[in-house]
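Me: Please take a close look at a single strand in this structure, covering its surroundings, its pairing partners and the aromatic contacts made from it.

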Amino acid sequence: MMEQQTSVKAMTAHELTQLLFAQEELFILDVRNTSDYEAWQIEGHRVVSMNIPYFDLLDGVEAVLEKIPVKQKVLVVCAKEGSSIFVAEMLAEAGFTDVSYLQGGMKAWSEHLEPVKVGDLRDGGAIYQFVRIGKGCLSYMIVSGGEAAVVDTLRMTDVYEAFAAKHQWTIKHTIDTHLHADHISGGKKLADRLDASYWLPEKDAEEVTYSYRKLEEGQEIQVGATKIAILPIYSPGHTIGSTSLIVDDTYFLTGDSLFVASIGRPDLAGKAEDWVGDLHNTLYNRYKELPEHLVVLPAHFGNYTELGPMGTVSARLGDLYRNNPGLTIADESEFRHIVTHHLPPQPNAYQEIRQVNMGKLKPSEEEQQEMEVGPNRCAIHDK
Amino acid sequence: MADIVVDTKGLACPMPIVKAKKAMDGMQSGQTMEVLSTDKGSLNDFTAWVKQTGNELVSHEVENGVYKFLVKKL
């Protein structure tokens, strides 16, 4: 009899993303320690997830075998990948046939970006959403006539560069809708590498140490010879400078002011009490004057239930005024109370992240990864 | 001074705890073990593992990127 192969398959972050987008069934055995698991884990429409730390399985997996479905696809996950391979091999030896481990672990998962096309622009251009599924961050590439603009660029700038290069597009602009507090921006870095313009709202840039172009309401930014207008709308509240973008009269990039299932929190850059009035004015007056047909494309999502059929996160502005719990609060004093008293915990290292985005701190690649660990928590309804 | 020193510097998960467990299995109750690790994830993992196995994490410190855990077997 031939000896049984015990080597297990690697599942890449891209393959896992596709599987979650397709809403396939998956059993995840997460072998990190329980506090890390409870703070942040992989979720999906048909994902069943169980946490058993690898150090409880050092003597073997016999005690937990009956908890794991035999006929289902099983993915073992840990922080990097070493412990998940260790446990996945034991499961394979115990007779499980469809066991894989997450390549690069939660570290790779946190950094993975999946580009998804949102739609076409009127003159043949297109807009893409880059879904950072592990952390809930969304960024955008607007392309037209061989040129591209990247909005709310994430730290993994090589992904945008490679995607543009593959299609022979030249990135001309990188735009941040505000000074981010939950993730490190790649906007300035990408612009400098490619000799593009980096845009940031002036009121969020008071302490920055580098040069930038002022993102101002009414001043259009052109992409390509075909003149796709990106129209900034000043929308303070999440930060004092927060500025939204209307692209091609159709797409409405709201940054961290408005999400599909929630609204932005006003406390990450200053005092919630000071900015809650601005936030209310932005959401209940300024945005309300805009056409209902606009497709809202936010900079974050809270969890997998906001992912649409193709993996995109978007909603019609008019629909959000009916369904979004942050847009249906009748009374301003109640709004103030909810937004200032019921906030989720702040994201990991958010003050240091702001300093990095101002150019004041220059951490190593590894330190940047550590700072960004965990969920984003930019919305008031996040847990 | 610890009764036994387990050096796992340069090793990635799960090896630091695999080695520590092996050493712990051979120890008497009341003895102490010092574990050295350069794995960043080891703090949360060690804390949880020591608690889970009913032993005592006497102290832990970081020096020049090396984590030092002092564990007492109960």
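Reply: Two strands are taken to pair if DSSP finds at least two bridges between them, and the elements themselves are DSSP runs, with helices (H or I) of at least four residues and strands (E) of at least two, numbered from the N terminus. This is a predicted model, in which local features need pLDDT of at least 70 and side-chain atom pairs count only at pLDDT 80 or more, while totals for chains, interfaces and linings use all residues. Residues are numbered from 1 along each chain as its sequence is written, chains are lettered from A and ligands numbered from 1 in the order in which they are written, and side-chain values use heavy atoms, leaving out hydrogens and water.

The strand chosen here is β7(A), residues 126-132. On its one side in sequence, the hairpin of β7(A) and β8(A) has 4 residues between the strands, and A:G136 there takes a positive phi near 80 degrees. β8(A), which spans residues 137-144, pairs with β7(A) in the antiparallel sense over 7 bridges, and A:Y140 of β8(A) stands opposite A:Q129. A:Q129 is also the bridge partner of A:V116, a contact that belongs to the pairing with β6(A) (residues 114-120), which runs antiparallel to β7(A) and is joined to it by 6 bridges. β6(A) and β7(A) likewise form a hairpin, with 5 residues between them and with A:G124 in the turn at a positive phi of about 105 degrees.

As for burial (under 20% relative accessible area, with over 50% exposed and values in between partly exposed, for a 1.4 Å probe and protein chains only), 7 of the 7 residues of β7(A) are buried, so the strand is largely enclosed by the rest of the structure. Both faces are covered, with A:A126, A:Y128, A:F130 and A:R132 buried on one side and A:I127, A:Q129 and A:V131 buried on the other.

The first of these faces includes A:Y128 and A:F130, which ring pairs link with A:Y160, A:F163 and A:W169 into a cluster. Rings of Phe, Tyr and Trp (its six-membered ring) pair if their centres lie within 6.5 Å, planes under 30 degrees apart counting as stacked, over 60 as edge-to-face and the rest as tilted. The whole structure holds 12 such aromatic pairs over all chains. In one of them, the ring centres of A:Y128 and A:W169 are 5.7 Å apart with planes at 45 degrees, so the pair is tilted. This pair links distant parts of the chain, 41 residues apart, since A:W169 lies in the loop between α5 (157-166) and β10 (170-175) of chain A. A:Y128 is buried at a relative accessible area of 13%, and A:W169 also counts as buried, at 18%.
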